[in-house]
Amino acid sequence: MSRTAMADIGSSPLPLLFRRRSSGEIRNLATVSSSILPAFGTVVDDGYSHLKKYVIVPYDQRYRWWQTFLVVLVLYSAWASVFELAFNKTARGPLLIVDLVVDVFFAIDIVLTFFVAYLDKSTYLLVDDHKKIALR
């Protein structure tokens, strides 16, 4: 390959086949996640009425807020655990109550996980069978 051809490619060592070009405009979520989700017309919408009762859709906004809340709790636990281990003291008083409440939320999340549908990798459909969810 000549130097001019290398200059046309840019500083990236990747072949042109693997480089992605962007128009700089993001129109919707499907544009952003086109490399992650299949391109066979799979549409993620809010119409999940065909799922079984007591199944949580992982794309639901409320479940996403729950996951974000749990990330905050994990960050708190990671921060607090360092101090407990470094000073070799367990939490007492109000901090003990906070730690116990955080543990309760983690326990609720473990139970909640048994009700969250998942995306089957071969069919790209949400699996809502409680037995399959529990096995996974």
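**Exercise 1. Classify phenylalanine 69 in this predicted model as buried, partly exposed or exposed, then describe its ring pair with tryptophan 66**.

Step 1. Phenylalanine 69 has a relative accessible area of 34%. Buried requires under 20% and exposed requires over 50%. Phenylalanine 69 is therefore partly exposed.

Step 2. Tryptophan 66 has a relative accessible area of 18%, and the cut-off for buried is under 20%. Tryptophan 66 is therefore buried.

Step 3. A pair of aromatic rings is described by the distance of the centres and the angle of the planes. For tryptophan 66 and phenylalanine 69, the centres are 6.0 Å apart and the planes stand at 45°. Planes under 30 degrees apart would count as stacked and over 60 as edge-to-face, so the pair is tilted.

Step 4. Both residues lie in helix 3, three residues apart, which means about one helical turn separates them. An α-helix has 3.6 residues a turn, so residues three or four places apart point the same way.

**Exercise 2. Work out which kind of aromatic pair tryptophan 79 and phenylalanine 83 form, and place the pair in its cluster**.

Step 1. The ring centres of tryptophan 79 and phenylalanine 83 are 5.1 Å apart, with 70° between the planes. An angle over 60 counts as edge-to-face, and the pair is edge-to-face.

Step 2. Tryptophan 79 and phenylalanine 83 are four residues apart in helix 3, so about one helical turn lies between them.

Step 3. Tryptophan 79 is exposed, at a relative accessible area of 55%. Phenylalanine 83, at 41%, is partly exposed.

Step 4. Ring pairs join Tyr76, Trp79, Phe83 and Phe87 into a cluster. The count of aromatic pairs comes to six.

**Exercise 3. List the residues of the largest nonpolar core and find the helix that supplies the largest share**.

Step 1. The largest nonpolar core consists of six residues: Tyr63, Trp66, Leu70, Leu73, Val102 and Val116.

Step 2. Helix 3 (residues 61-86) supplies the largest share of this core, four residues.

Step 3. A second, separate core has five residues, among them Leu51, Val55, Val57 and Leu126.

Step 4. Take leucine 70 from the largest core. With its neighbours within four places in sequence left aside, leucine 70 is in contact with Phe105, Phe106 and Asp109.

**Exercise 4. Compare the span of helix 4 with the expected value, and locate the buried residues around the helix axis**.

Step 1. Helix 4 (residues 94-113) has 20 residues. From first C-alpha to last, helix 4 reaches 29 Å, close to the 28 Å expected at 1.5 Å a residue.

Step 2. The buried residues of helix 4 are Asp99, Val102 and Asp109. They cover an arc of only 75° around the axis, so they sit on the same side of helix 4.

Step 3. This buried side packs against helix 3. The face turned away from the buried side carries the exposed residues Pro94 and Ile97.

**Exercise 5. State how many salt bridges the structure holds, and describe the exposure of the residues involved**.

Step 1. The structure holds one salt bridge. Its partners are the side chains of arginine 62 and aspartate 60, at 3.0 Å from N to O. The cut-off is within 4 Å.

Step 2. Arginine 62 has 66% relative accessibility and counts as exposed. Aspartate 60, at 26%, counts as partly exposed.

**Exercise 6. Place aspartate 128 and lysine 131 in the chain, and decide whether each is buried or exposed**.

Step 1. The chain has five helices and two strands, in the order α-α-α-α-β-β-α. Aspartate 128 is in the loop between strand 2 (126-127) and helix 5 (130-135).

Step 2. Aspartate 128 has a relative accessible area of 15% and is therefore buried. Of the 136 residues of the protein chain, 18% count as buried.

Step 3. Not counting residues up to four places away in sequence, aspartate 128 touches His50, Leu51, Lys52, Val55 and Ile133. Leu51 and Val55 also belong to the second core.

Step 4. Lysine 131 lies in helix 5 and is exposed, with a relative accessible area of 66%. Lysine 131 and phenylalanine 115 are 16 residues apart in sequence, and their C-alpha atoms are 9.9 Å apart in space.

How values were computed: Residues numbered from 1 in each chain as written. Predicted model: local features only at pLDDT ≥ 70, side-chain atom pairs only at ≥ 80, totals over all residues. Heavy atoms only, no water. Buried < 20%, exposed > 50% of the residue type's maximum accessible area, 1.4 Å probe, protein only. Core = buried A, V, L, I, M, F, W, Y, C linked by side-chain atoms within 4.5 Å. Contact = heavy atoms within 4.5 Å. Phe/Tyr/Trp six-rings, centres within 6.5 Å; stacked < 30°, edge-to-face > 60°. Expected span 1.5 Å × (residues − 1). Arc of directions from axis to C-beta.
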